[in-house]
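Colleague: Please take a close look at one pair of strands with me, and then work outwards from there into the rest of the model. I am still learning the terms, so explain each one as you come to it.

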Amino acid sequence: MPSSKKPRLLGPSAADDSLPPPQRLSNVNDLSTDIIEMVLGNLPSQDIMRARVCRKWRQAARNTIVPLTEFKIDTARQYNAMEAMATSLPNLQQIAFHSLDYPEEHKYNDGGDPYEHEAVRTVNYVTHDIGIVSNFTKLIDLTIWAAPLNGRYPILFNSFPLLESLKISNCGCLIWHLDYLVSCPVLKELYCEGTPMQGNINCLRVLKDTLESISIGETLVGTHMIEGNLMDLADFPHLKDLFMFTVDRVKGDIRDIGENDFPMLEELDLSCCKAIIGSQHYSFQRISDVPAFMNDVHRLLKRNIMNDRCQWSLSEDQSPDWYEAEVNNNEDEEIPGPPFDIRLVQAGPRLGWAWGFHTYIGDDSPCDSCEINWLDPEPDRDSSDYENYIQELQAIEGGEDFFNSSDQICQINFFRGCYQPPTEEEYKRLRREYNTD
């Protein structure tokens with residue numbers, strides 16, 4: 001008869017008495033501070049604050065480098081949370097100041113040289129101390145958007161030696177100077193729009209080896225007080241994006257941009273910078289000035305860093321060549337106005353430009369273009385681009401729709417045969433002939 005006893009399963013100790021006994025699972029409180037910091041470093045700031053359950057974990061939280069997640073301060077409650085974090089979580093890396101409990105009456109303490117009218121208007125507001133932010137010395141990303149600030153606050157710029165991104169927008173009463181940025185030696189991104197700014201752009205040369213993106217836009221209070229020359233930034237080795245809008249005191253000429261200038265630039269937008277010759281929306285004083293200018297900037301246009309934003313024109317206020325079309329209610333409403341706008345045109349790889357009468361963006365009717373003034377020769381017949389070029393060229397020359405650099409639909413019809421704007425007498429003749437036909 002087989003034995004009814006079941007075989008006994010041997011555990012590790014029975015099989016090998018030399019193995020050590022199993023260790024007791026460590027209690028979470030037995031973890032070292034370094035390990036706790038590693039754990040907390042994978043959590044958002046709010047969760048880290050909740051995890052401070054004892055002295056050891058509170059100390060670890062103070063040492064933890066908080067991940068890059070936006071902490072937005074737009075209420076008094078969020079401000080109070082930041083105040084607590086200033087000592088409990090000082091290694092926060094990203095903060096965004098917004099308006100406080102709008103439309104309720106909250107503000108930050110006035111800075112130096114505040115606007116008097118704003119100080120009087122907000123004298124009874126609940127006031128919060130903006131200086132608390134200086135505790136976050138590991139800050140990498142700082143955003144200030146429509147925050148209730150009034151005056152100068154050097155503390156917002158000289159407290160963060162690791163700052164890489166500074167974005168300021170719609171702070172009409174915040175005043176700051178470009179030389180404040182000397183305290184941000186590793187800054188990569190500078191964005192300022194709708195906020196008064198002072199200084200010379202050559203102050204940015206202290207950041208020559210770090211800046212990758214510069215965007216300076218229109219202000220809500222007057223005009224920007226910054227000065228300088230565009231070419232002060234030409235040798236920045238890492239600059240990829242340069243945007244300046246309505247910055248009237250910075251001078252320059254895009255024809256000065258050489259082959260080795262702005263070596264890494266991918267996009268250039270100088271919209272409405274009146275003192276920079278050739279900036280987007282620049283107005284020429286004479287029709288005869290344009291062909292030589294276009295030939296001079298051909299090399300720059302081939303880099304394709306500003307082409308889709310070029311919207312040049314003839315100056316309505318200063319050009320003796322400019323005239324206004326007489327409106328005659330008996331004439332066909334489809335007759336275009338004088339072609340005093342300039343846009344780039346491309347067929348395949350071939351780049352050119354044309355005068356035209358351009359309607360407002362959003363109008364479905366095609367813009368009326370003059371003939372194309374080509375800057376490039378025709379591509380070689382054996383090239384891979386030639387077939388595409390011929391198709392697009394035939395569409396342009398056949399009066400079909402084509403797109404200019406502003407993505408507007410154009411046609412060459414009314415101004416066919418004109419390579420520049422007609423004189424006022426020639427324009428009147430074209431109108432008469434159009435109505436006769």
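Modeller: In strand β13, the bridge partner of S213 is D241, and this pair is a good place to begin. Residues are numbered from 1 along each chain as its sequence is written, and side-chain values use heavy atoms, with hydrogens and water left out. The model is predicted, so local features need a pLDDT of at least 70 and side-chain atom pairs count only at pLDDT 80 or more, while totals for chains, interfaces and linings use all residues.

The bridge between S213 and D241 belongs to a set of 4 that join strand β11 (residues 213-216) to strand β13 (residues 241-244), and these two run parallel. Strands here are DSSP runs of E with at least two residues, helices are runs of H or I with at least four, and both are numbered from the N terminus. Two strands are said to pair if DSSP finds at least two bridges between them. On to the next neighbour: 3 bridges join β13 to strand β15 (residues 267-269), again in parallel, and within this pairing L242 stands opposite L268 of β15. As a general point, strands of a sheet pair through backbone hydrogen bonds, either parallel or antiparallel.

Another set of strands deserves the same care. An open sheet of 6 strands has the order β6-β8-β10-β12-β14-β16, with parallel pairing. Its edge strands are β6 (151-152) and β16 (276-277), each of which pairs on one side only. At the β16 edge, 2 bridges connect that strand to β14 (residues 250-253), the two running parallel, and the partner of D253 in β16 is I277.

From the strands we can turn to what is packed inside. The largest nonpolar core (buried Ala, Val, Leu, Ile, Met, Phe, Trp, Tyr and Cys residues joined through side-chain atoms within 4.5 Å) has 102 residues, and those with the most contacts inside it are F97, L181 and W312. Helix α5 gives the most to this core, with 4 residues. A second, separate core of 12 residues includes L393, F402, C410 and I412. In soluble globular proteins, nonpolar side chains tend to be buried together.

F97 can be followed further through its ring. The structure holds 16 aromatic pairs, where rings of Phe, Tyr and Trp (its six-membered ring) pair if their centres lie within 6.5 Å, and planes under 30 degrees apart count as stacked, over 60 as edge-to-face and the rest as tilted. In one of them, the ring centres of F97 and Y108 are 5.8 Å apart with planes at 90 degrees, so the pair is edge-to-face. Because F97 lies in strand β2 (residues 94-97) and Y108 in strand β3 (residues 106-108), the pair ties together parts that are 11 residues apart in sequence. F97, at 1% relative accessibility, counts as buried, a word that means under 20% relative accessible area, with exposed being over 50% and partly exposed in between (1.4 Å probe, protein chains only). Y108 also counts as buried, at 1%.

The rings of F157 and Y180 have centres 5.3 Å apart and planes at 50 degrees, so this pair is tilted. It links distant parts of the chain, 23 residues apart: F157 is in the loop between β6 and β7 (165-169), and Y180 is in the loop between β8 (174-177) and β9 (189-193). F157 counts as buried at 1% relative accessibility, and Y180 does so at 17%.

A helix shows burial in another way. In α4 (residues 55-63), the buried residues are W57, A60 and A61. They cover an arc of only 105 degrees around the axis, which puts them on the same side of α4; the arc is taken from the directions from the helix axis to the C-beta atoms. What covers them includes α2 (33-40), α3 (45-50) and α5 (76-88), where contact means heavy atoms within 4.5 Å. W57 itself has 11% relative accessibility and so counts as buried.
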